[in-house]
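Subject: The structure, and what turned up in it

Hi there,

Here is the structure I promised to pass on. Have a look at it first, and then read on for what I found.

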Amino acid sequence: MPLTLSSSAFAEGGKIPERYTRDGKNVSPPLKWSGVPDKAKSLVLVVQDPDAPNGTFGHWAVFNIPPDVGELPDAESGKPGPAALRQATNDFGNAYYDGPEPPIGHGIHHYHFRLAALDTPSLAIPGSAGVERIWREAKKHVLEEAELVGTYERNG
């Protein structure tokens with residue numbers, strides 16, 4: 001069974017509800033996954049916006065997730081799941097989820113939620129390294145990947 005990633009808040013390619021954006025409550029959406037390979041020793045999740053004006057923008061990275069964890073609930077506090085989960089500094093400068101906030105009138109942005117099953121129990125990298133560096137390090141250890149894309153647009 002392949003690794004899959006989904007959310008009860010939005011469908012693949014669908015609009016991310018305002019609640020999960022910086023225009024709303026700025027809480028991370030509920031995410032659920034299945035099909036984690038037996039050989040996986042940890043998971044990493046990143047959220048990136050490749051449509052940002054200055055290149056790919058990192059909104060969130062959660063790493064060293066135990067392989068037996070199968071979901072991250074809607075995070076009212078912006079800080080999902082067990083306190084043991086490591087979160088990297090995003091491109092807003094925060095070590096937690098920050099949702100979509102594309103420039104007004106910039107069109108539809110696509111937010112890539114990427115989950116990877118890794119062959120290592122932990123990434124030996126500081127969270128301050130940022131979302132992009134966490135993802136680059138994770139890519140060296142990927143057993144399998146899943147992706148969920150949501151969209152969001154701000155009009156004036």
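Two strands are said to pair if DSSP finds at least two bridges between them. The strands themselves (E, at least two residues) and the helices (H or I, at least four residues) are DSSP runs, numbered from the N terminus. By that rule S4 and S6 pair in the antiparallel sense over two bridges, and the bridge partner of Phe63 in S6 is Arg86.

A word on the source: this is a predicted model, in which local features need pLDDT of at least 70 and side-chain atom pairs count only at pLDDT 80 or more, while totals for chains, interfaces and linings use all residues. Residues are numbered from 1 along each chain as its sequence is written, and side-chain values use heavy atoms, with hydrogens and water left out.

**The sheets**

S4 and S6 belong to an open, antiparallel sheet of five strands in the order S6-S4-S3-S7-S8. Strand S6 (86–87) and S8 are its edges; each has a single partner strand, so one side of each has no neighbour in the sheet. Going inward, six bridges hold the antiparallel pair S3 and S4, with Gln48 opposite Gly58 in S4. S3 is also joined to S7, again antiparallel, by seven bridges, and here Gln48 has His112 in S7 as its bridge partner. His112 in turn stands opposite Val149 in S8. The antiparallel strands S7 and S8 are joined by 10 bridges, and Leu115 faces Ala146 of S8.

How enclosed are these strands? For burial I used relative accessible area: buried is under 20%, exposed is over 50%, and partly exposed is in between (1.4 Å probe, protein chains only). Nine of the 10 residues of S7 are buried, so S7 is largely enclosed by the rest of the structure. The same reasoning applies to S4, which is largely enclosed because eight of its nine residues are buried.

Helix H1 (residues 131–139) lies across S3, S4, S7 and S8, at about 135° to S3. That angle is taken between N-to-C directions, from 0 to 180 degrees, with axes as lines fitted to C-alpha atoms, for helices over the stretch in contact.

There is also an open sheet of three strands, S1-S2-S5, with antiparallel pairing. Its edge strands are S1 and strand S5 (71–72), each pairing on one side only. Three bridges link S1 and S2, and Leu5 stands opposite Trp33 in S2.

**The cores**

By a nonpolar core I mean a set of buried Ala, Val, Leu, Ile, Met, Phe, Trp, Tyr and Cys residues joined through side-chain atoms within 4.5 Å. The largest has 26 residues, and those touching the most other members are Leu5, Leu31, Trp33, Leu45, Trp60, Ile65 and Phe113. Two or more residues come from each of strand S2 (31–34), strand S3 (42–49), strand S4 (57–65), strand S7 (109–118) and strand S8 (142–152). S7 gives the most, with four residues. A second, separate core of 13 residues includes Val44, Ala88, Ala116 and Ile125.

Leu5 is worth clicking on. Counting contacts as heavy atoms within 4.5 Å, and leaving out residues up to four places away in sequence, its neighbours include Leu31, Trp33, Phe113 and Arg114. Arg114 is in strand S7, and on the same count touches residues including Val44, Gln48 and Trp135.

**The aromatic rings**

Rings of Phe, Tyr and Trp (its six-membered ring) pair if their centres lie within 6.5 Å; planes under 30 degrees apart are stacked, over 60 edge-to-face, and the rest tilted. There are three aromatic pairs by this rule. Phe10 and Phe113 make a tilted one, 5.5 Å centre to centre with 50° between the planes. Phe10 is in the loop between strand S1 (4–6) and S2, while Phe113 is in strand S7, 103 residues apart. Both are buried.

Phe57 and Phe92 have ring centres 4.8 Å apart and planes at 65°, so this pair is edge-to-face. Phe57 is partly exposed, at 22% relative accessible area, and Phe92 is partly exposed at 28%. The charged end of Arg22 sits over the ring of Phe92, 3.7 Å from its centre; the rule is NZ of Lys or CZ of Arg within 6 Å of the ring centre and within 35 degrees of the ring normal.

Enjoy exploring!
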